[in-house]
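Me: I have a model open and would like to learn how to read its fold. Could you walk me through it?

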Amino acid sequence: MNNQTQIMTLCASCAKIYYSMPDQRIRRADRTQHIKERCEICQTHLGYDYAVTEVQKKDRRAGK
Ligand SMILES: [Zn+2]
C-alpha cells in the first residue's frame, strides 16, 4: 500500500477545507517553515507547505 502524498502550498482557509475532507490527510510538510508562499488553491492568500495524502477507504460501498 502506498498512498499518494503531494506537497501543496495552502493558506489557512484552504488548508481547513482539506482538514475537513474525510478522505484526505493533511499535515505541515515543514514545521520550521516561516516564509509564507502563495496558496496553490486560491492564488490569493499566503500559506505554508502541507503534505496532503489521499486516504484509501477500507470498505468501498458503491451506491446505496
Ligand atoms: Zn488559499
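Reply: Happy to! Keep in mind that this is a predicted model. A good start is the order of elements along the sequence, and here that order is β-α-β-β-β. In total the chain has 1 helix and 4 strands.

Me: Which strands pair with β4, and in what sense?

Reply: To read a sheet, follow each strand to its partners. Strand β1, residues 5–10, pairs with β4 in the antiparallel sense over 6 bridges, and T9 stands opposite D49 there. Strand β2, residues 24–28, is also antiparallel to β4, with 5 bridges; in this pairing R27 faces A51. Strand β3, residues 37–38, runs antiparallel to β4 too, joined by 2 bridges, and R38 sits opposite L46.

Me: What share of contacts joins residues at least 24 apart in sequence?

Reply: Counting contacts between residues at least 6 apart, 68% link residues at least 24 apart.

Me: Now the interior. Which residues make up the largest nonpolar core?

Reply: The general idea first: in soluble globular proteins, nonpolar side chains tend to be buried together. In this chain, the largest such core has 7 residues: L10, C11, C14, A15, C39, Y48 and Y50. Helix α1 (12–20) and strand β4 (46–54) are the elements that each supply two or more of them. Buried residues come to 12% of the 64 in the chain.

Me: Let me zoom in on one core member. What is C11 in contact with, beyond its neighbours within four places in sequence?

Reply: Those partners of C11 are C39, C42, H45, L46 and G47. One of them, C39, is a fellow member of the core.

Technical notes. Residues are numbered from 1 along each chain as its sequence is written. This is a predicted model: local features need pLDDT of at least 70, side-chain atom pairs count only at pLDDT 80 or more; totals for chains, interfaces and linings use all residues. A nonpolar core is a set of buried Ala, Val, Leu, Ile, Met, Phe, Trp, Tyr and Cys residues joined through C-beta atoms within 7 Å. A residue is buried if 20 or more other C-beta atoms lie within 10 Å of its own, exposed if 12 or fewer, and partly exposed in between; C-beta atoms are placed from the backbone. Two residues are in contact if their C-beta atoms, placed from the backbone, lie within 7 Å. Two strands pair if DSSP finds at least two bridges between them.
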